[in-house]
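Visitor: Please take me through the terms used for this model, and show how each value is set against its definition.

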Amino acid sequence: MALVLTEEQSMLKSSAREYLKENAPVAALRKLRDDKDEKGYDPTVWKAMAEMGWASLTIPESYGGLDFGYTGLGQILEETGRTLTASPLVSTVLLGTTLIKQGGTEAQKAALLPEIAEGNLLIALAAEETSAHKPTKIAATYTSLGKTHAVSGKKVFVLDGHVADKFIVSATRDGKTSLLIVNADAKGVSVERTIMMDSRNAANVTFDNAEAILLGEEGNGIAVLEATLDIARIGLAAEMLGTTCEAFDRTIAYLKERQQFGVPIGVFQGLQHRAAHMYCEIENCKSVVIAALQAIDKGSKKVPMLASLAKAKLGKTLQLVSNEAIQMFGGIGMTDDEEIGFFLKRARVAQQTFGDYNYHLDRYAKMNNY
Amino acid sequence: MEVATSAAPTALETFRMETRAWLEANCPESQRQSVKSYTDMYWGGKNPVFNSDDQKVWFERMLEKNWTVPHWPKEYGGGGLSKEENKVLKEEMGRLGCRPPLYNFGISMLGPALLKFANDGQKDHFLNLITAGKLWWCQGYSEPGAGSDLANLQTSAEDKGDHYLVNGQKVWTSFADKSDWIFCLVRTDPEAPKHSGISFLLIDMSSEGVSTRPIKLLSGNSPFCETFFDNVKVPKENLVGKENAGWTIAKYLLTHEREMIGGVGDTEQKTPLHKFALDHVGLENDILADTILRGDVAKWEMDDAIFKMTISRTMDEVKAGQSLGASSSFFKYYATELNKQKLELQMSLAGTAGNQWEGEASDEGRLPRYFCRTKANSIEGGTSEVQLNIISKRILGLPSK
Ligand SMILES: Cc1cc2nc3c(=O)[nH]c(=O)nc-3n(C[C@H](O)[C@H](O)[C@H](O)COP(=O)(O)OP(=O)(O)OC[C@H]3O[C@@H](n4cnc5c(N)ncnc54)[C@H](O)[C@@H]3O)c2cc1C
Ligand SMILES: Cc1cc2nc3c(=O)[nH]c(=O)nc-3n(C[C@H](O)[C@H](O)[C@H](O)COP(=O)(O)OP(=O)(O)OC[C@H]3O[C@@H](n4cnc5c(N)ncnc54)[C@H](O)[C@@H]3O)c2cc1C
């Protein structure tokens, strides 16, 4: 498959860019932050996203979706990366939908996916337990209550945890790992919102014998979680690509505009070469992201490898570009008034989400048996 | 996104199957291993030197198929393959590990410039000689005072009516002592601003007054020379394009040189770096025994794998025959920096054994000599700094003042 977008995918991307520029720019994130907004996202924007079909892109038509594929969703995520838009796209669409598609029973898919497509249901994955990404090291447990189950454990960094309607929780019983669905209003669930540096939603969630039902089969938790995380890593890499490109574009524009020594600072070779090097790394980022997105849609065996490649490369490059952006903006870049700092802050949270650079470097080496 | 499997094969699929079968039947075993140095390559020329019968057989079979330069038009001895067919051929050659049957600056550098700028007579004459491997070409660009600042070149070509009289000196001319012809930048108008007085001239190296002197490299090899022109008479018909309009051709040719150095279209399967690492360092607790180098190796392999994806993406994006223009600078820069890093890592992984310069055990210092050679990667064809300047100005539009 050629590493280029189809015409439909390009159109989706440009319409997303138009919409987000108007309705959810960086200023909107700043406002959510400054207002200490209780939800941490704008429900009107989310409703509009659902109406435009963004929540249904990866849902099969038989469940009320558009079945447009992850390459399409990746274009939306890339554009939300440019505007740093806070929305439930990652928690509910990238993670939630994928978990249900990969692991859910027929009845669960039929019940939940159309609700997600409509924008009526928010899902949060409660998987992480430590500050470092170790998705398969799980201390949370569950017990059987016959038809239902009860989950206990502490989960951290649950994206959209304090606004979700349902959690999908990883937990073990007798050496088996499963995923379980817990309603947010169930007894025994306590949610503590954590304010993160990127002003996006996350929470610590404690489950104390909270009532749960299995997502699909008992014991398939690791497989479903790993497959979902790989897709999420690629989707997040797409978002990070947008963030990287936008921070870079703003920096280049600043180099052309800021005058010192009677010339635009972009004249100085000490800055030019660093900018040119970033350009090269960004070209590579574009390639790995589109290759990885297309691999998901093809159902390729290379998805895990590409997920690590994409997440590692974007993590490293976004780190480079966001640091250089601040440096090249000079003193102004250190101020809260200037938006470039939001990119630095988002970069650090995105880096930690679903495994950082070192995690994926190590995983890549292991996948190649060294 | 299901791909129909039962339908009749497309023309391209048929081409792939036929190509695969033909290569399997016709490429000798010894020509399916990657070349170790330029001495393993067949360069063609008036006095061809084959270093094995297999090399000769492989060249002749590919020549008969018009696949020495498969993507050039048939009228010039090319294969007339479409962009897609050419990609398939390269992929299939890469799959089997087949070496290109003919290396020559005529193919990778001069040819594209002739196709775009030469007159019909020149195209007919020179392109056919190139595809047939009849001439070994060298590149006469750099001079002692004109390296990165190439347009500062001083070798002069004086109009003498029916011929030019060429005087001056070129330097770093790769293979000048072995070449039959040189494509040369000369100054035809010393009064004009420096970019506007340059012409693009083809010179027969056997002309009276041409001499070469080899220069020895760090690696101990001496594949390149100083080239001297002392009252050399060059027929006017050897001028490509218009007089004093050579700079455009020179720059266009450089984009092709940079694409080549940048590995664009290169499908050769190289041994993965981690295999080298495992051979030299081994495993401990299932991971590479040197955990710090393990991270470096993984980083390099990831960057390399992703860069290859960029090459594919670019090939998918550009139209057939279209030049990459300024983005050739990106490929040139990135590929050469990667290759240098790779050899740095191999030197670290090999330890003191990798420092052995002579003797059988080290294959006469193959690794350290190659390590030294890679340092030129980011110099030849325009330095890394020059590529970064081009990216800054031509792609990012950063100001010069
Ligand atoms: C936290 C903080 C506290 C500060 N406190 C004080 C204070 O108490 N008193 C005070 O007077 N000032 C203070 N400053 C200001 C500080 O000294 C300036 O920010 C600094 O000198 C850079 O100037 P600038 O911000 O205008 O950046 P610019 O000069 O606009 O630089 C922007 C970018 O261009 C680069 N650049 C500029 N010129 C060149 C060149 N010739 N070659 C290559 N690159 C170039 C810079 O390195 C930078 O990356 C403070 C700044 C900060 C961030
Ligand atoms: C192995 C090898 C094979 C070669 N083969 C050929 C050949 O076949 N034909 C041919 O014509 N030439 C050939 N060359 C020459 C090659 O093209 C030149 O070496 C190259 O263009 C650099 O020129 P220079 O060596 O004069 O370095 P210089 O131009 O003197 O550069 C010295 C240093 O200064 C830096 N520098 C120069 N200008 C700038 C600038 N504006 N901004 C920032 N940094 C700058 C350079 O990047 C470099 O690091 C070959 C070179 C090598 C090493």
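Guide: Domain bounds are taken from an automatic or database domain assignment. In chain B that assignment gives domain 1 (9-103), domain 2 (137-245) and domain 3 (263-395). The model is a predicted one, in which local features need pLDDT of at least 70, side-chain atom pairs count only at pLDDT 80 or more, and totals for chains, interfaces and linings use all residues, while side-chain values rest on heavy atoms, with hydrogens and water left out. Residues are numbered from 1 along each chain as its sequence is written, and chains are lettered from A and ligands numbered from 1 in the order in which they are written.

Visitor: What separates the centres of domain 1 of chain B and domain 3 of chain B?

Guide: The centres, taken over C-alpha atoms, are 24 Å apart. Contact (heavy atoms within 4.5 Å) involves 7 residues from domain 1 of chain B and 11 residues from domain 3 of chain B.

Visitor: What makes up the area buried between domain 1 of chain B and domain 3 of chain B?

Guide: Buried area is the accessible area (1.4 Å probe) that two parts lose on being put together, summed over both. For this pair the value is about 760 Å², and carbon and sulfur atoms give 49% of it. On the side of domain 1 of chain B, Lys36(B), Lys83(B) and Lys90(B) supply 57% of the area buried against domain 3 of chain B, more than any other three residues.

Visitor: How is chain A divided into domains?

Guide: Chain A has domain 1 (7-120), domain 2 (124-219) and domain 3 (223-367). The centres of domain 1 of chain A and domain 3 of chain A, over C-alpha atoms, lie 21 Å apart. Their contact takes 23 residues from domain 1 of chain A and 29 residues from domain 3 of chain A. About 2,200 Å² is buried between these two domains, with 66% from carbon and sulfur atoms.

Visitor: Why is the pairing of Arg258(A) with ligand 1 called a polar contact?

Guide: A polar contact is a pair of N or O atoms within 3.5 Å. An N or O atom in the side chain of Arg258(A) is 2.5 Å from an oxygen atom of ligand 1, and therefore the pair qualifies. Backbone atoms also take part: an N or O atom of Gln327(A) lies 2.7 Å from a ligand 1 oxygen, and a polar atom of Gly331(A) is 2.7 Å from an oxygen of ligand 1. Of the 970 Å² of accessible area (Shrake-Rupley method, 1.4 Å probe) that ligand 1 has on its own, the protein covers 41%.

Visitor: Where does ligand 2 lie with respect to the chains, and which residues come nearest?

Guide: Ligand 2 lies between chains A and B. It has 18 residues around it (a heavy atom within 4 Å), and the nearest are Ser142(B), Ser148(B), Trp172(B), Thr383(B) and Glu385(B). Oxygen atoms of ligand 2 are 2.6 Å from a side-chain N or O atom of Ser148(B) and 2.6 Å from a polar side-chain atom of Thr383(B). The protein covers 68% of the 970 Å² of accessible area that ligand 2 has on its own.

Visitor: How do you know where ligand 2 lies with respect to domain 2 (137-245) and domain 3 (263-395) of chain B?

Guide: Both domains give residues to the shell around ligand 2, so the ligand lies between them.

Notes
Polar contact = N/O pair within 3.5 Å; in protein donor to acceptor, adjacent residues only side chain to side chain.
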